[in-house]
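Visitor: I'm new here. Could you walk me through this one, a step at a time?

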Amino acid sequence: MDNDQFYPKEIMNITLRSIGVFGVLLFGVLFSVTFVSPERIEHSAKGFVKYQIEKEIREKHQVLTESDIATKA
């Protein structure tokens, strides 16, 4: 074989290293954002938690109002 061709092992190695570098860069950027604006991250997290709680309450309320016992009452 020619020396200028890549072997499957080398291609896999390059691919895995590329994915690893991309992951480290992405994590580094997101991690640094938490230090730059912690108030914004906290506000966003509180909004997400509030939304999830409201969603679960709506779902449970709907199940309770549609149950057989609720329709008989």
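Guide: Sure, let's start with Lys-46, which is exposed at a relative accessible area of 55% (exposed is over 50%, buried under 20%, partly exposed in between, with a 1.4 Å probe and protein chains only). Keep in mind that this is a predicted model, where local features need pLDDT of at least 70, side-chain atom pairs count only at pLDDT 80 or more, and totals for chains, interfaces and linings use all residues. Residues are numbered from 1 along each chain as its sequence is written, and side-chain values use heavy atoms, leaving out hydrogens and water.

Visitor: Which residue forms a salt bridge with Lys-46?

Guide: Side chains of opposite charge can pair when their charged atoms come close. To count as a salt bridge, a side-chain nitrogen of Lys or Arg has to be within 4 Å of a carboxyl oxygen of Asp or Glu. Here the closest N and O atoms are 3.4 Å apart, and the partner of Lys-46 is Glu-42.

Visitor: Where do Lys-46 and Glu-42 sit along the chain?

Guide: Glu-42 is partly exposed, at 44% relative accessibility. The two residues are four apart, so about one helical turn separates them, and both belong to helix 2 (residues 38-65).

Visitor: How many helices does the protein chain have?

Guide: Helices are DSSP runs of H or I with at least four residues, strands are runs of E with at least two, and numbering goes from the N terminus. Along the sequence the pattern reads α-α-α. There are zero strands, and the helix count is three.

Visitor: Is the pair of Phe-27 and Phe-31 stacked or edge-to-face?

Guide: Rings of Phe, Tyr and Trp (its six-membered ring) pair if their centres lie within 6.5 Å; planes under 30 degrees apart are stacked, over 60 edge-to-face, and the rest tilted. The search of the whole structure turns up two aromatic pairs. In the pair of Phe-27 and Phe-31, the ring centres are 5.7 Å apart and the planes meet at 15 degrees, so the pair is stacked.

Visitor: Which residues do ring pairs link into a cluster?

Guide: Phe-27 and Phe-31 are four residues apart in helix 1 (residues 8-36). Phe-31 also makes an edge-to-face pair with Phe-35, at 5.0 Å centre to centre and 80 degrees between the planes. Phe-35 is exposed, with a relative accessible area of 61%. Put together, the cluster is Phe-27, Phe-31 and Phe-35.
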